[in-house]
Amino acid sequence: MRRRTASCGALALLSAGALAAQQPPAADPPEVPAGVPVVVLPVQSAVPDGEGAWAGGTGSAARTIDLLNAEIEFAFGEEEGAAHWALAPAVEARLARNPTIGVDPGRLAYRGLLAAPDARAQLYEPLHTQLRQVAALFGARLVVLPLAVSYRERRAVLQLAVIDVRRSAVLWHGAVAGAAAEAASPFALTTLALRVADRLAPS
């Protein structure tokens, strides 16, 4: 698995507030130093391919989402730099213990992010409030929001966004693809989850 590295100077800039700089989403996800809390939310949606096949051979959107969530949990669990990140099961459990918040982490107002956002615009409501409330439960500033998983060009692909809830801004918006695999193979989602963790987790 590829490990990303960052210079001490880059880490210092980030810890000093480089995330707050006004800049458009980059081609690569932002570097996140180890120890910075991040919330990884559940996958929000799944889309079949043109022939109606679901990535992972699950047979439905709900099963595809459940399987990918489980694969993402495992993949981030293998990344030492993300050892303290809050993953989907922890988010769901914490919100279940705080029902007055009224946020369902698997049914957020995500649709406005399916298209690339305007880098100058703040995050829209009610999504900003939803994410801010969830992040506050973990003392986090950054949130990873997996938007939609699909299958195209023989690969499972996950569209996602990295969001700074304090700034109400999308730091990164893009897609990660797994290795080439048949749509019916669970391997399609396994490799996708591993690549997501590899791209986002601290080294």
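## Close-up views of the sheet, its hairpins and a pocket

**View 1. Pairing of strands β1 and β2.** Strand β1 and strand β2, the latter made up of residues 142–152, run parallel and are joined by three bridges. One residue of β1 and its counterpart can be picked out: Val-40 has Val-144 of β2 as its bridge partner. Helix α5, residues 187–200, packs on the sheet and touches β2, β3 (155–164) and β4. The direction of helix α5 makes about 30° with that of β3. The model shown in this and the following views is predicted.

**View 2. The sheet as a whole.** Four strands make up an open sheet in the order β1-β2-β3-β4, and their pairing is mixed. Which strands stand at the edges? They are β1 (38–40) and β4 (169–177); each has a single partner strand, so one side of each is left without a neighbour in the sheet. On average, and with direction ignored, neighbouring strands of this sheet are turned by 20° against each other. Strands of a sheet pair through backbone hydrogen bonds, in either a parallel or an antiparallel sense. In this sheet, β1 and β2 run parallel, whereas β2 and β3 run antiparallel, and β3 and β4 also pair in the antiparallel sense.

**View 3. The hairpin of β2 and β3.** Ten bridges join these two antiparallel strands. Among the paired residues, Ala-148 has Gln-159 of β3 as its bridge partner. The hairpin has two residues between the strands, and Glu-153 takes a positive phi near 50° there. Arg-154 lies in the loop between β2 and β3, and Arg-154 also has a positive phi, of about 65°, although it is not a glycine. Is Arg-154 buried, exposed or partly exposed? With a relative accessibility of 43%, Arg-154 counts as partly exposed, because the partly exposed class lies between the limits of 20% and 50%.

**View 4. The hairpin of β3 and β4.** Eight bridges hold the antiparallel pairing of β3 and β4. One of the pairs places Ile-163 opposite its bridge partner in β4, Val-170. Four residues lie between the two strands of this hairpin. Ser-168 is found in the loop between β3 and β4. The phi of Ser-168 is positive, at about 60°, although this residue is not a glycine. Ser-168 has a relative accessible area of 6% and is therefore buried, the limit for buried residues being under 20%.

**View 5. Val-162 and its surroundings in strand β3.** How many of the ten residues of β3 are buried? Nine of them are, so the strand is largely enclosed by the rest of the structure. Val-162 lies in β3 and is buried, with a relative accessible area of 4%. When residues up to four places away in sequence are not counted, Val-162 touches Pro-30, Val-143, Val-144, Ala-169, Val-170, Leu-171, Trp-172 and Leu-200. Of these contacts, the one with Pro-30 spans 132 residues along the chain, and the two C-alpha atoms are separated by 8.1 Å. Val-144, another residue touched by Val-162, is the bridge partner of Val-40. Val-170, also touched by Val-162, is the bridge partner of Ile-163.

**View 6. The second largest pocket.** This pocket has a volume of about 210 Å³. Its lining consists of Pro-42, Val-43, Gln-44, Ile-65, Asp-66, Asn-69, Glu-92, Asp-104, Gly-106, Arg-107, Leu-108 and Tyr-110. Which element gives the most to the lining? Helix α2 (residues 61–77) does, with three residues. Sorted by class, the lining has five nonpolar, three polar and four charged residues.

**View 7. A cis peptide bond before helix α4.** Glu-125 and Pro-126 are joined by a cis peptide bond, with omega at about 5°. Pro-126 has its place in the loop between α3 (88–96) and α4 (127–137).

**View 8. The chain in overview.** The secondary structure of the chain comes to five helices and four strands. Along the sequence these elements follow the pattern α-β-α-α-α-β-β-β-α. The chain has 203 residues, of which 48% are buried. Among contacts between residues at least 6 apart in sequence, 66% join residues at least 24 apart.

How values were computed
Residues are numbered from 1 along each chain as its sequence is written. This is a predicted model: local features need pLDDT of at least 70, side-chain atom pairs count only at pLDDT 80 or more; totals for chains, interfaces and linings use all residues. Side-chain values use heavy atoms; hydrogens and water are left out. Two strands pair if DSSP finds at least two bridges between them. Axes are lines fitted to C-alpha atoms, for helices over the stretch in contact, and angles run from 0 to 180 degrees between N-to-C directions. Contact means heavy atoms within 4.5 Å. On a 1 Å grid over the protein atoms alone, a cavity is a set of points where a 1.4 Å probe fits but cannot get out, and a pocket is an open set with protein on both sides within 12 Å along at least five of seven lines; lining residues have an atom within 4 Å of a point. Grid points are joined across faces, edges and corners, and a volume is the space filled by probe spheres set on the points. Ala, Val, Leu, Ile, Met, Phe, Trp, Tyr, Cys and Pro count as nonpolar, Asp, Glu, Lys and Arg as charged, and the others, Gly among them, as polar. Buried means under 20% relative accessible area, exposed over 50%, partly exposed in between (1.4 Å probe, protein chains only).
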